[in-house]
Every structure is written in C-alpha cells, then in structure tokens.
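Please look at the structure shown below, and then read the report on how its helices pack and how its two chains meet.

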Amino acid sequence: MTTDDYLELPLGDLLDRLSANGLAPGGGSAAALTVAFAARLVAMVARCSPAWGDAAGVIAQANAIGDRAVELAHTDGRVWDEALTALRDAEAAESDDPRKGFALEQKLEAAAAAPLEIASLGADTAQLAALAGDVGEPTYRADAAAAAALAAGGASAAAHLVRVNLGVRSADPRLVRALASETAAHDVAARLRESHR
Amino acid sequence: MSRFASASDAELVRGCRGGDQEAWNELVERYSRYVYAIAVRGFRLTEEDAEDIFQDVFTRIYTRLDSLRDDSALRPWIAQLTRRRCLDAIAARRDVPTDELADEGSTDLSDVEEAFEVREALTALSGNCQDILDRFFARDQSYKTIAAELEIPSGTIASRIARCLGRLRERLEGRNDASEGSRE
C-alpha cells in the first residue's frame with residue numbers, strides 16, 4: 001500500500017494495513033482513530049438534536065477533536081516507525097555506544113508524546129459525549145454513551161502506550177497526566193452508562 | 001486602546017482623510033493580516049513577495065484614499081488593490097500579461113474572505129469568549145488545560161465554548177443579513 005493518509009484508504013484497506021505484519025499503524029494510531037470515531041459519533045448525536053440550541057457548537061468541537069485525533073494517528077504512526085527502526089538498529093549494532101542509547105531514548109520519548117495527547121483527546125471526547133447525552137435528543141442517548149465508552153477505550157490504550165514507551169516510574173508527570181485523562185474518560189463513560197439505563 | 005478600535009470602516013476612512021494618524025494606524029492594524037493573507041494564502045506568493053505587496057498596497061491606499069467612492073466599501077477596495085498587485089507580481093515572474101491570469105487565486109480568496117469575516121466577528125465577542133475560542137480552536141488546548149488556566153470547572157468548558165460559538169454565529173449571520181440587505 002502506498003498512501004500514508006489513512007483517510008484516503010477504504011476502511012477495509014485500513015483494517016488490512018492495521019493487521020499487516022509491518023510497521024505503522026499500530027496501537028497508538030488505532031487508539032487515535034477510536035477517539036476520532038467517538039468524536040464523530042458525538043457530532044451525529046448533536047446533529048440529530050434539532051431542539052438543542054448549542055448543538056452546532058458541539059458539532060464544531062467534536063469535528064475539531066476528530067480532526068486532531070486523525071492527525072495524531074498519523075503522527076503516532078510516523079514516530080513509532082522511527083522509534084522501532086532506532087530500536088532495531090541499536091539491537092543489531094550490539095554496541096554500548098552511549099550516543100546511540102541517547103538517540104533511542106529520544107525516539108521513544110517522541111513516541112510517547114502522541115499517545116499522551118490521544119489520551120487527553122479521549123477525555124475531552126468523553127466529556128463532550130456527556131454533554132450530548134445529557135442535553136441532546138433522548139433517542140440518541142445510547143449513541144452518546146457508546147461514544148463515551150469508545151473515547152474511554154482510546155484513552156486507556158493511549159495511557160498504556162505512554163507507560164510502555166517511556167518505561168516510566170509512576171510519578172512521571174507525563175504518565176500521571178495520561179492516567180488522569182484515562183480516569184476522567186472512564187468516569188464519564190460509567191456515569192453515562194448508569195444514567196441512561 | 002485606539003479611539004478608532006470599534007469604528008466602522010467608513011469612520012476610519014473619514015479619519016484618515018482628515019489626517020488623523022490614529023485612524024491610519026487602526027486601518028493598517030485592521031487590514032494588514034488581510035492583505036498578507038490574500039498574497040500568501042490566496043496567491044501562494046512567497047513571504048518576500050508578500051512583504052513587497054504589503055508595502056505597495058498600503059502606499060496606494062494612503063495616496064489614493066480620496067478616490068474611494070463609497071467609504072463603507074473599504075474592504076472590497078483593498079481586496080481589489082491587493083489582488084491586482086498580486087497578479088502583476090505573478091505576471092512579471094511568468095512574463096505574461098496580467099489579463100491572462102484573471103482566475104488565478106479566485107477559490108482560495110473566498111477562504112481568506114471567510115476567515116477575515118470570522119476574525120472580525122470574533123473581535124465583537126466578549127473577551128472571555130474570544131479567549132476560550134482561541135484556546136480551543138487555535139491553540140488546541142484541552143478542556144482540562146483551559147479549565148486549569150482560567151480557573152473554571154472542567155465540566156463547563158464544552159458548553160461555554162458552544163455558547164460562544166452560538167454568539168459568533170449570530171454575529172456572522174447578522175453581518176450577512178446586513179450585507180444582503182444592502183445589496184437590495
């Protein structure tokens with residue numbers, strides 16, 4: 001496959017590419033695209049709520065978040081490819097050159113930055129889904145709850161990748177931030193599930 | 001803040017014609033990004049070319065302001081001057097007559113026009129609304145960051161942004177209604 005733009009790919013091709021035995025897209029891109037799906041679902045709920053005065057403003061936010069998530073899916077794929085290449089080079093070289101170790105560390109740090117943002121977008125999407133579920137057209141409350149659940153899933157996956165990519169201690173502020181986003185998204189998703197039963 | 005900050009374009013033009021330096025400063029401030037955006041985004045000119053066009057367009061505005069027939073039509077007049085100057089620059093580079101480039105940049109110009117209208121409508125909103133919309137849409141800040149920096153509950157950010165967007169839309173629709181009416 002030649003295109004690097006996920007939005008240009010038919011869904012089937014994107015899924016094939018995800019399951020291919022190669023490099024990106026991987027877990028980070030999948031998490032970002034999950035958040036993008038969730039955000040677009042929130043936009044749908046708002047669009048189907050004609051009596052809601054703020055619906056257009058929610059659609060604009062959901063679309064903005066969705067666009068950012070797709071952008072992060074690409075960013076994550078690119079930086080993860082670079083990190084993986086650096087990791088393989090380091091293994092092949094079997095050297096203790098500290099400069100190579102530092103370069104690899106830098107690549108892994110960069111690979112953690114995108115999932116950190118993805119987790120944050122997941123939390124924002126869940127919050128927007130809560131607003132849509134609470135105030136939007138009641139018929140679509142289940143879709144709002146589904147959007148929050150997807151966003152929480154994306155945030156969880158992304159937070160996990162932050163932890164793994166950095167190999168960080170629990171007090172690292174980046175991991176703390178990622179976990180806070182994950183918790184916030186899950187709290188909202190759980191509340192929506194309960195209140196809309 | 002300038003005395004002319006909230007002045008209409010017609011008031012600004014009258015101030016400039018009367019030699020008021022503050023009016024001229026406000027006109028440059030109000031339209032500098034517009035001229036620059038037409039050159040760079042509308043015609044894909046380099047920053048260097050855009051800088052030349054910027055200087056030239058504002059010199060022409062200054063020296064030819066008396067030739068503007070309708071004081072409230074300042075923006076279309078500036079757009080026309082800038083467009084003409086951009087086409088001259090492209091024609092000179094390609095060594096072709098300017099008339100052969102009539103359609104150049106026309107699609108992107110509507111984007112520039114729309115962006116400028118949104119920016120103008122934004123300035124009419126409250127400072128709080130301008131700030132929160134800028135943080136979310138221009139600076140890509142998360143709800144959590146916005147809430148922490150503005151010291152307001154995180155759960156209210158999305159609805160605040162939605163309300164501010166609603167006000168922005170009202171401004172834009174009001175502007176469009178007014179311009180529709182003025183054409184009749």
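## Helices H3 and H4 of chain B

In this predicted model, H3(B) and H4(B) cross in a right-handed manner. The first of these helices covers residues 47-64 of chain B and the other covers residues 74-94, and where they pack their axes are 10 Å apart and form an angle of about 135°. Angles over 145 degrees would count as roughly antiparallel, and H3(B) and H4(B) are therefore described as oblique to each other.

Which residues make the contact between H3(B) and H4(B)? From H3(B) come Asp49(B), Ile53(B), Asp56(B), Val57(B), Arg60(B) and Ile61(B), while H4(B) supplies Ile78(B), Leu81(B), Thr82(B), Arg85(B), Cys86(B) and Ala89(B). Sorted by character, the residues of this contact are seven nonpolar, one polar and four charged. As a general point, an α-helix has 3.6 residues a turn, so residues three or four places apart point the same way.

## Helices H1 and H2 of chain B

Another packed pair in chain B is formed by helix H1, residues 9-17, and helix H2, residues 21-42, whose axes come within 7 Å and cross at roughly 135°. Because of this angle, H1(B) is oblique to H2(B). The crossing of H1(B) and H2(B) is left-handed, whereas that of H3(B) and H4(B) is right-handed.

On the H1(B) side the residues that take part are Leu12(B), Gly15(B) and Cys16(B), and they meet Ala23(B), Trp24(B), Glu26(B) and Leu27(B) of H2(B). Five of the residues in this contact are nonpolar, one is polar and one is charged.

## The overall fold of chain A

Turning to chain A, one finds six helices and zero strands, so that a reading along the sequence gives the pattern α-α-α-α-α-α. The C-alpha trace of chain A spans about 65 × 40 × 25 Å along its principal axes, and of its 197 residues 49% are buried.

How much of the contact within chain A joins residues at least 24 apart in sequence? When contacts between residues at least 6 apart in sequence are considered, 76% of them join residues at least 24 apart.

## Helices H5 and H6 of chain A

Helix H6 of chain A, residues 173-195, has 23 residues, and the distance from its first C-alpha to its last is 33 Å, which is close to the 33 Å expected at 1.5 Å a residue. Within H6(A) the buried residues are Ala178(A), Ser181(A), Glu182(A), Ala184(A), Ala185(A), His186(A), Val188(A), Ala189(A) and Leu192(A).

H6(A) also packs with helix H5 of chain A, residues 141-166, and the axes of the two come within 8 Å and cross at roughly 160°. Because of that angle, H5(A) is roughly antiparallel to H6(A). The crossing of H5(A) and H6(A) is left-handed, and the residues of their contact divide into 18 nonpolar, three polar and four charged.

## Where chain A meets chain B

Between the two chains, 15 residues of chain A are in contact with 14 residues of chain B. On the chain A side, the elements that give two or more residues to this meeting are helix H3, residues 55-93, and helix H4, residues 98-135.

Which helix of chain A gives the largest share of the side that touches chain B? The largest share comes from H3(A), which provides seven residues. In character, the residues on the side of chain A that touches chain B are seven nonpolar, five polar and three charged.

Conventions
Residues are numbered from 1 along each chain as its sequence is written. Chains are lettered from A and ligands numbered from 1 in the order in which they are written. This is a predicted model: local features need pLDDT of at least 70, side-chain atom pairs count only at pLDDT 80 or more; totals for chains, interfaces and linings use all residues. Helices (H or I, at least four residues) and strands (E, at least two) are DSSP runs, numbered from the N terminus. A residue is buried if 20 or more other C-beta atoms lie within 10 Å of its own, exposed if 12 or fewer, and partly exposed in between; C-beta atoms are placed from the backbone. Two residues are in contact if their C-beta atoms, placed from the backbone, lie within 7 Å. Ala, Val, Leu, Ile, Met, Phe, Trp, Tyr, Cys and Pro count as nonpolar, Asp, Glu, Lys and Arg as charged, and the others, Gly among them, as polar. The expected span of a helix is 1.5 Å times one less than its number of residues. Axes are lines fitted to C-alpha atoms, for helices over the stretch in contact, and angles run from 0 to 180 degrees between N-to-C directions. Angles under 35 degrees count as roughly parallel, over 145 as roughly antiparallel, 65 to 115 as roughly perpendicular and the rest as oblique. A crossing is left-handed if the near helix is turned anticlockwise from the far one by less than a right angle, and right-handed if clockwise.
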